[in-house]
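Please open the structure in a viewer and keep the selection tool at hand. The tour below proceeds from one selection to the next and states what is found at each stop.

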Amino acid sequence: MAYGDRVLQQGVRGDDVAELQLRLAGFRGTLLDGDFGPGTALQVKAFQRDVMRLSQPSGVVDRATFQAIDAFADRFPIDFRQLRCPCGVCDGFGQGRFKGLYMPGGKGLEQFHRYEYPGVHRLILWAARALFAYREDVKFLFSSGYRCAVENERKGRTTTNHHGKAVDIDTVLPPGMGKREDMERCNAIRGLLVEKANAQIGWLARNRKSLEPADIAPTWVHYDVREYEPAYLRDEFFCRDLAGLNRRLPIGV
Ligand SMILES: [Zn+2]
Ligand SMILES: [Zn+2]
């Protein structure tokens, strides 16, 4: 069933549910399993309460809720120029190399997977939109998006997280704001993402969005999907432009 073609509510299963779960990843968050259970209902209720401003959220995705999700996407378009790899060698999102190859000593661990994924994961960008909605008082930008193997080698980086699984979110500082306040603001944003998006600081749990701790990312917020299982890191989850991010093609579940 194509996303948007039927009302979605608890008990329903399908590719359209997976698409819904992805779009609402920044509201609590759940598995993209296509199974509309109590966790998905809580996601929908959070969106209805916090974005649609409904005092009695139903947890049912009706026409008004579909339209509100579209409006939410339109209100927070993602600027893909900020996400492109700066190396000048790849076309902005790597060259698709190194699938199934790992850094020395890290065989089989996603953390060390060298694959240059074909874009940025849609889930993390939809989740970023939720952050933008919760903090409309802050002006955000992506200070780093895709960094391919060429770029990493040039900078001597050993982490492959930014091969499409991570974004660094920065805030534009108001005049007079110093580094200390910037650090406090980034801490507050991480706290908000833990509370509202069920993100974790660090990478302990599987299938949860991860944040780098403050000692690694003092004045920015690094947000990633590194700990998702391979089923949720298939090529079809990655996008290279706004149309790809907002597309309604079914996700196989
Ligand atoms: Zn590159
Ligand atoms: Zn980062």
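Begin by selecting helix 2 (38–50) together with its surroundings: the elements covering its buried residues include helix 1, helix 3, helix 4 and helix 6 (179–197). The model on display is a predicted one. Within helix 2, the buried residues are Thr-40, Ala-41, Gln-43, Val-44, Ala-46, Phe-47, Gln-48 and Asp-50. Helix 2 comprises 13 residues, and from its first C-alpha to its last it reaches 18 Å, close to the 18 Å expected at 1.5 Å a residue.

Next, select helix 4, residues 122–134, which is one of the elements covering helix 2. How many of the residues of helix 4 are buried? The count is 13 of 13, and the helix is thus described as mostly covered. The end C-alpha atoms of helix 4 are 19 Å apart, which agrees with the 18 Å that its 13 residues should span at 1.5 Å a residue.

Proceed to helix 1, residues 15–23, and select Ala-18 within it. Ala-18 counts as buried because its relative accessible area is 0%. To see how the chain returns towards this point, display Leu-31 as well: Leu-31 and Ala-18 are 13 residues apart along the chain, and their C-alpha atoms are separated by 8.3 Å.

The loop between helix 1 and helix 2 contains Arg-28, the next selection. Most residues other than glycine have a negative phi. Arg-28, which is not a glycine, has a positive phi of about 65°. Its relative accessibility is 40%, so Arg-28 counts as partly exposed. Phe-98 also has a positive phi, near 70°, and is likewise a residue other than glycine. To find Phe-98, select the loop between helix 3 (63–75) and strand 1 (120–121). Phe-98 is partly exposed, because its relative accessibility is 21% and the buried class ends at 20%.

Now colour the chain by domain, with domain 1 covering 15–75 and domain 2 covering 80–246. The centres of the two domains, taken over C-alpha atoms, are 23 Å apart. Where they meet, 16 residues of domain 1 contact 17 residues of domain 2. About 1600 Å² is buried between domain 1 and domain 2, with 60% of that area on carbon and sulfur atoms. Which residues of domain 1 lose the most area to domain 2? They are Leu-22, Arg-23 and Leu-32, which together account for 30% of what the domain 1 side buries.

The tour continues with the metal sites. Select the zinc ion (ligand 1) and display its donors: the SG atoms of Cys-85, Cys-87, Cys-90 and Cys-148, at 2.3 to 2.4 Å. Along the chain, these donors follow the spacing C-x1-C-x2-C-x57-C. Why is the arrangement around the zinc ion (ligand 1) tetrahedral? The 4 donor atoms subtend angles of 103 to 116°, and four donors count as tetrahedral if all angles lie between 85 and 135 degrees. Cys-87 and Cys-90 are both buried.

Move to the zinc ion (ligand 2), which is coordinated by His-162 through NE2, Asp-168 through OD and His-222 through ND1, at 2.0 to 2.1 Å. The spacing of these donors along the chain is H-x5-D-x53-H. Both His-162 and Asp-168 are buried.

From there, select Lys-165, in the loop between helix 5 (149–155) and strand 3 (166–171). Is Lys-165 buried or exposed? It counts as buried, because its relative accessibility is 1%. Leaving aside neighbours within four places in sequence, the residues in contact with Lys-165 include Glu-110, His-113, Tyr-117, Tyr-223, Asp-224, Leu-233 and Phe-238.

The last stop is Tyr-228, in the loop between strand 6 (221–224) and strand 7 (238–239). Tyr-228 counts as buried, because its relative accessibility is 3%. Not counting residues up to four places away in sequence, Tyr-228 touches Leu-123, Arg-206, Asn-207, Arg-208, Lys-209 and Leu-233. Leu-233 is thereby a contact of Tyr-228 as well as of Lys-165. Finally, display Arg-49, which lies 179 residues from Tyr-228 along the chain; the C-alpha atoms of the two residues are separated by 27 Å.

Key: Residues are numbered from 1 along each chain as its sequence is written. Chains are lettered from A and ligands numbered from 1 in the order in which they are written. This is a predicted model: local features need pLDDT of at least 70, side-chain atom pairs count only at pLDDT 80 or more; totals for chains, interfaces and linings use all residues. Side-chain values use heavy atoms; hydrogens and water are left out. Donors are N, O and S atoms within 2.8 Å of the metal (3.2 Å for Na, K and Ca); water is not among the atoms, so sites may look incomplete. Four donors count as tetrahedral if all angles lie between 85 and 135 degrees; four count as square planar and six as octahedral if opposite donors are over 155 degrees apart and all others between 65 and 115; anything else is irregular. Buried means under 20% relative accessible area, exposed over 50%, partly exposed in between (1.4 Å probe, protein chains only). Helices (H or I, at least four residues) and strands (E, at least two) are DSSP runs, numbered from the N terminus. Contact means heavy atoms within 4.5 Å. The expected span of a helix is 1.5 Å times one less than its number of residues. Domain bounds come from an automatic or database domain assignment. Buried area is the accessible area (1.4 Å probe) that two parts lose on being put together, summed over both.
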